Every structure is written in structure tokens, then in C-alpha cells.
Amino acid sequence: MANIQLAANLRRLRCDHNYTQAQISDKLNISRQAYSNYETGKRIPDLDILIRIADIYHVTLEQLILQPCTGTGVINQNSGPYYIGMEVETADTIYLAKDEVELLTHYRNADEDDRKLTRKVLKM
């Protein structure tokens with residue numbers, strides 16, 4: 001079971017800082033394959049590795065794990081409370097802010113025309 005947000009942040013932060021997987025893995029004293037597994041969600045880094053990654057990118061652990069991050073900071077997020085969501089097929093975890101839960105609930109209850117419009121606006 002992976003944390004979807006963490007895996008996305010690891011890749012996005014690395015790319016935004018122009019690092020290769022090999023460069024980050026060297027900084028963490030782990031193999032490139034081990035780091036690749038973190039980015040793909042195949043493995044979850046232990047706490048020590050998470051702390052070191054957060055330090056490299058100058059973000060908090062909370063931001064790294066829960067909030068969408070870029071090289072220039074956190075993307076439009078207030079801090080918690082967060083609600084745990086799960087992708088059913090993979091059992092991957094994502095943490096959602098209250099407004100995200102409300103948006104998903106409204107989408108789920110919308111008719112098909114409103115859903116199509118939402119997907120168009122979001123370029124999905």
C-alpha cells in the first residue's frame with residue numbers, strides 16, 4: 001500500500017530541483033533502485049529517510065507526506081485536518097483536505113453533464 005501523495009511529491013520535487021534518481025539516492029546513501037521504488041509507490045521510505053528527504057527539499061514531513069509540493073513550495077493547501085482516502089484497486093492511500101472531500105462528494109452526486117463539464121475544466 002502506497003501513499004499516493006508522497007510518491008508524487010518525491011518525483012515532482014526531484015524533477016523540480018533538477019536531480020536524477022541517482023543523485024538523490026547518493027545523498028540518502030541508498031541504491032537508485034530503492035529510491036525509484038519510493039517514487040513509484042512500491043515501497044515506503046522509513047522515517048529516517050523521510051526526514052532526510054524533507055531536509056533536502058526544505059519542506060516539513062507533513063508537507064512531504066500529505067500536501068502537493070513543488071520546488072517552489074506547497075501547492076494551494078492549508079494544513080489539516082486530513083481525511084484518509086484509498087484507491088480501491090491498489091489500496092494506495094491519499095490524504096484529503098476537507099474541501100477536497102467536499103469536491104469529490106459533489107462530483108459523485110453530480111449528473112453526467114456536470115461531470116463532463118468538471119472533467120473539461122480540469123483537463124482530464
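In the predicted model, Gln5 counts as buried, because its relative accessibility is 10% and the cut-off for burial is under 20%. Gln5 belongs to helix 1, which covers residues 4–16. Leaving out residues up to four places away in sequence, Gln5 touches Arg12, Leu64, Ile65, Leu66, Gln67, Pro68 and Thr93. Of these partners, Leu64, Ile65 and Leu66 fall within the residue range of helix 5 (61–66), while Thr93 falls within that of strand 4 (residues 93–97).

The protein chain as a whole contains 7 helices and 4 strands. Along the sequence, these elements follow the order α-α-α-α-α-β-β-β-β-α-α. The strands therefore form one uninterrupted run in the pattern, with helices before and after it. Taken along the principal axes, the C-alpha atoms fill a box of roughly 50 × 30 × 25 Å. The chain has 124 residues, and buried residues make up 32% of them. Where contacts join residues at least 6 apart in sequence, 46% of those contacts link residues at least 24 apart.

The surface exposed by the protein chain amounts to about 8,200 Å². Carbon and sulfur atoms supply 52% of this area. Among the side chains, 15 are positive and 17 are negative. The centres of the positive and negative sets lie 5 Å apart.

The largest pocket holds about 290 Å³ of space. Its lining consists of Leu96, Glu100, Leu103, Leu104, Tyr107, Thr118, Leu122 and Met124. Helix 6, which spans residues 98–109, gives the most to this lining, with 4 residues. The lining residues Glu100, Leu103, Leu104 and Tyr107 lie within the span of helix 6. Thr118, also in the lining, falls within the range of helix 7 (residues 112–121).

Leu96, another residue of the pocket lining, is found in strand 4 (residues 93–97). With a relative accessible area of 15%, Leu96 is buried, since that value is under the 20% cut-off. Apart from residues up to four places away in sequence, Leu96 touches Pro81, Tyr82, Tyr83, Val101 and Leu104. Two of these partners, Val101 and Leu104, lie within the range of helix 6 (residues 98–109). Leu104 is thus both a contact of Leu96 and a part of the pocket lining. Between the C-alpha atoms of Leu96 and Arg119 the separation is 19 Å, and the two residues are 23 apart along the chain.

Asp114 is placed in helix 7, which covers residues 112–121. Asp114 counts as partly exposed, because its relative accessibility is 40% and partly exposed residues fall between the 20% and 50% cut-offs. From Asp114 to Val88 the distance is 24 Å, C-alpha to C-alpha, and the two are 26 residues apart in sequence.

Asn37 lies in helix 3, made up of residues 32–40. Asn37 is buried, with a relative accessible area of 13%. When neighbours within four places in sequence are left aside, Asn37 is in contact with Lys42 and Arg43. Lys42 is located in the loop between helix 3 and helix 4. In contrast to the buried Asn37, Lys42 is exposed, with a relative accessible area of 65%. The cut-off for exposure is over 50%. Lys42 and Arg115 are 73 residues apart along the chain, and their C-alpha atoms are separated by 32 Å.

Two residues in loops between helices have a positive phi. Asn29, although not a glycine, has a positive phi of about 55°. Asn29 is found in the loop between helix 2 (21–28) and helix 3. With a relative accessible area of 67%, Asn29 is exposed. His58 is likewise not a glycine, and its positive phi is about 60°. The place of His58 is the loop that runs between helix 4 (47–57) and helix 5 (61–66). At a relative accessibility of 71%, His58 counts as exposed.

Notes: Residues are numbered from 1 along each chain as its sequence is written. This is a predicted model: local features need pLDDT of at least 70, side-chain atom pairs count only at pLDDT 80 or more; totals for chains, interfaces and linings use all residues. Side-chain values use heavy atoms; hydrogens and water are left out. Buried means under 20% relative accessible area, exposed over 50%, partly exposed in between (1.4 Å probe, protein chains only). Contact means heavy atoms within 4.5 Å. Accessible areas come from the Shrake-Rupley method with a 1.4 Å probe; for residues, only the protein chains shown count as cover. Lys and Arg count as positive and Asp and Glu as negative; His and the chain ends are not counted. The place of a charge is taken as NZ of Lys, CZ of Arg, CG of Asp or CD of Glu. On a 1 Å grid over the protein atoms alone, a cavity is a set of points where a 1.4 Å probe fits but cannot get out, and a pocket is an open set with protein on both sides within 12 Å along at least five of seven lines; lining residues have an atom within 4 Å of a point. Grid points are joined across faces, edges and corners, and a volume is the space filled by probe spheres set on the points.
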